[in-house]
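Visitor: Could you take me through this structure by way of a few questions, giving the cut-offs behind each term as we go?

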Amino acid sequence: MSEDTNSFITRADALELLTSSWNPEQEREWVSLKDALGRVTAKPLYSQNTMPVYRISQLDGIAVRSSDFINGVPDTSDWVKGVDYVQADTGDDFPDEFDTVIPVEDTHYDSDGRLGLAKGLTLKAGDCVGAAGTAVRQGDLIVDAQVRLTPLHLSMLALSGIYHLEVLRKPRVIYIPTGSELITAGIRPERGQTIESNSLMVTALLEQWGADVTCYPIIKDKPEELAEALDKALQAADLVLINGGSSRGAEDFNTALLRKRADLFRHGVRAIPGRPVGMAIINGKPVINMPGPTFATFLAMDWCVSGLVHHYYGLPAPQRPKVKVSLTKALEKRPDYEFYFRMMVTGKDGGYEATPLGWDRNLPDSLLKMDAILIVPIGVSGYQAGEEVEVELMCGPENL
Ligand SMILES: Nc1nc2c(c(=O)[nH]1)N[C@H]1C(S)=C(S)[C@@H](COP(=O)(O)OP(=O)(O)OC[C@H]3O[C@@H](n4cnc5c(N)ncnc54)[C@H](O)[C@@H]3O)O[C@H]1N2
Ligand code: MOO
């Protein structure tokens, strides 16, 4: 193990090495606004429209002439709708001869429909009227370049008259599941077989980050088939992910393959689980060999692949919210590695307490009950029960 410790690098150093060695070309493409959610803008977008075009009422009410109010509130009992005033509800434009809006709360009508106004009403010209351009003006910057579009961006772009826009092409990621024991999900496993389940998680995460994902069929642990799949993937992808075969088993061929083909190759990070990750740059493209166990794959996706996809876009990788918790149990670890602990978190006395999910739990139990991850850094050998630490939440605090 001491050999591992000396040669394995930290996750931060590994990601820095990969991102500084990868300069992806940012191609652009046009999309229509309805397909633009989550896309990243290629250039700044400016409003084509001025809104309101002329003016609008800011409230539900009636539009009047302010000149009729110079000497106070007039007698309106003989006012005629359409002549002396008009209906002007929120967002309505109204004829030029009126200039001021009185909210409906300050108006009343008698049984004959005659208008009355609140006593003591004061108004000045332009009250409750939104002028041209108060919502947006032609030429206003709506969204800068390299921004991931949210639902609110979409409505502001529509308001601004932008229906087609240039975005960064999604990075093309090819995922290659490897392992002679793997079978496609949907088939009942027999002895010696394992269901290839990681591709669903990997695809979902990549789509969430804005990548275009292609999953290859399962590749058997045969060096020539693995090499062929890698070559094919490198021709089409910006980023290649190989899953499984990253460690020391008799059929773990991927490390040797990447070492042979790579311009830059590192094997292993000082983090558990997930340490035997392989990281290569081949033909200028990152190729990541993620360890096969699901949590190890998830963690490689989380710190490494997320970092790379966001690097492609020039965006910071998203971070999980953190909360302070008090530990219900002591934790021990080796100090020369960073450790990830899966934690259950519950509210207590206005704060939170957290319990590690034991390694003895089965897979769904340990992965799906994980409310938070505790990352214990290199140099620390554990914590006492009752100690306060910071965890990264996997769910919203409303679910704790
Ligand atoms: N003698 C040693 N053995 C192992 C070491 C070590 O240092 N010395 N490291 C262990 C660690 S840590 C990890 S993590 C794993 C890494 O495994 P591999 O990346 O080599 O993956 P495989 O051996 O191919 O598979 C492991 C496990 O994961 C399942 N798997 C693989 N791909 C998928 C997939 N797409 N979907 C679902 N499950 C998958 C596979 O069937 C195996 O059960 O090595 C340890 N061993
Ligand atoms: O790195 Mo492994 O089993 O510790 O996931």
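Visitor: Is Arg55 buried or exposed, and what is its relative accessible area?

Guide: This is a predicted model, in which local features need pLDDT of at least 70 and side-chain atom pairs count only at pLDDT 80 or more, while totals for chains, interfaces and linings use all residues. Side-chain values use heavy atoms, with hydrogens and water left out; residues are numbered from 1 along each chain as its sequence is written, and chains are lettered from A and ligands numbered from 1 in the order in which they are written. Arg55 is found in strand β3, where helices (H or I, at least four residues) and strands (E, at least two) are DSSP runs numbered from the N terminus. With buried meaning under 20% relative accessible area, exposed over 50% and partly exposed in between (1.4 Å probe, protein chains only), Arg55 is buried, at 11%.

Visitor: Which backbone oxygen, besides that of Pro95, does the side chain of Arg55 reach at 2.8 Å?

Guide: A polar contact is a pair of N or O atoms within 3.5 Å; within protein, one must be able to donate a hydrogen and the other to accept it, and residues adjacent in sequence count only if both atoms are side-chain atoms. The side chain of Arg55 reaches the backbone oxygen of Pro95 at 2.8 Å. The other backbone oxygen, also reached at 2.8 Å, is that of Phe98.

Visitor: How many residues surround ligand 1, and which strand gives the largest share of that shell?

Guide: A residue is counted as near a molecule or strand if one of its heavy atoms lies within 4 Å of it. There are 20 residues around ligand 1, the closest being Glu181, Glu196, Gly245, Ser246 and Ser247. The largest share of the shell, three residues, comes from residues 194-196, which form strand β14.

Visitor: What percentage of the accessible area of ligand 1 does the protein cover?

Guide: Among the polar contacts, a nitrogen atom of ligand 1 is 3.3 Å from an N or O atom in the side chain of Tyr175, and a backbone N or O atom of Ser197 lies 3.1 Å from a nitrogen atom of the ligand. An oxygen atom of ligand 1 is 3.0 Å from a polar backbone atom of Gly292. Of the 870 Å² of accessible area that ligand 1 has on its own, the protein covers 69%.

Visitor: Which residue around ligand 2 has a backbone N or O atom 2.3 Å from an oxygen atom of that ligand?

Guide: The residues around ligand 2 are Ile272, Pro273, Gly274, Arg275, Pro276 and Ala296. A backbone N or O atom of Arg275 lies 3.0 Å from an oxygen atom of ligand 2. The residue whose backbone N or O atom lies 2.3 Å from an oxygen atom of the ligand is Gly274.

Visitor: What is omega for the cis peptide bond that joins Ile272 and Pro273?

Guide: Most residues other than glycine have a negative phi, and most peptide bonds are trans. Pro273 lies in the loop between β18 (271-272) and β19 (278-282). For the cis bond from Ile272 to Pro273, omega is about -5°.

Visitor: Over the face of which residue does Arg275 lie?

Guide: A charge sits over a ring if NZ of Lys or CZ of Arg is within 6 Å of the ring centre and within 35 degrees of the ring normal. At 5.9 Å from the ring centre, Arg275 lies over the face of Tyr337.

Visitor: How many residues apart are Phe8 and Tyr337, which form an aromatic pair?

Guide: Rings of Phe, Tyr and Trp (its six-membered ring) pair if their centres lie within 6.5 Å, and planes under 30 degrees apart count as stacked, over 60 as edge-to-face and the rest as tilted. The structure holds eight aromatic pairs, and that of Phe8 and Tyr337 is edge-to-face, with 6.5 Å centre to centre and 75° between the planes. Both Phe8 and Tyr337 are buried. The pair links distant parts of the chain, from the loop between α1 (2-7) and α2 (11-21) to the loop between β22 (331-332) and β23 (338-348), and its partners are 329 residues apart.

Visitor: What is the relative accessible area of Asp349?

Guide: Asp349 is found in the loop between β23 and β24, and its phi is near 50°, a positive value in a residue other than glycine. Asp349 is exposed, with a relative accessible area of 76%.

Conventions: Accessible areas come from the Shrake-Rupley method with a 1.4 Å probe; for residues, only the protein chains shown count as cover.
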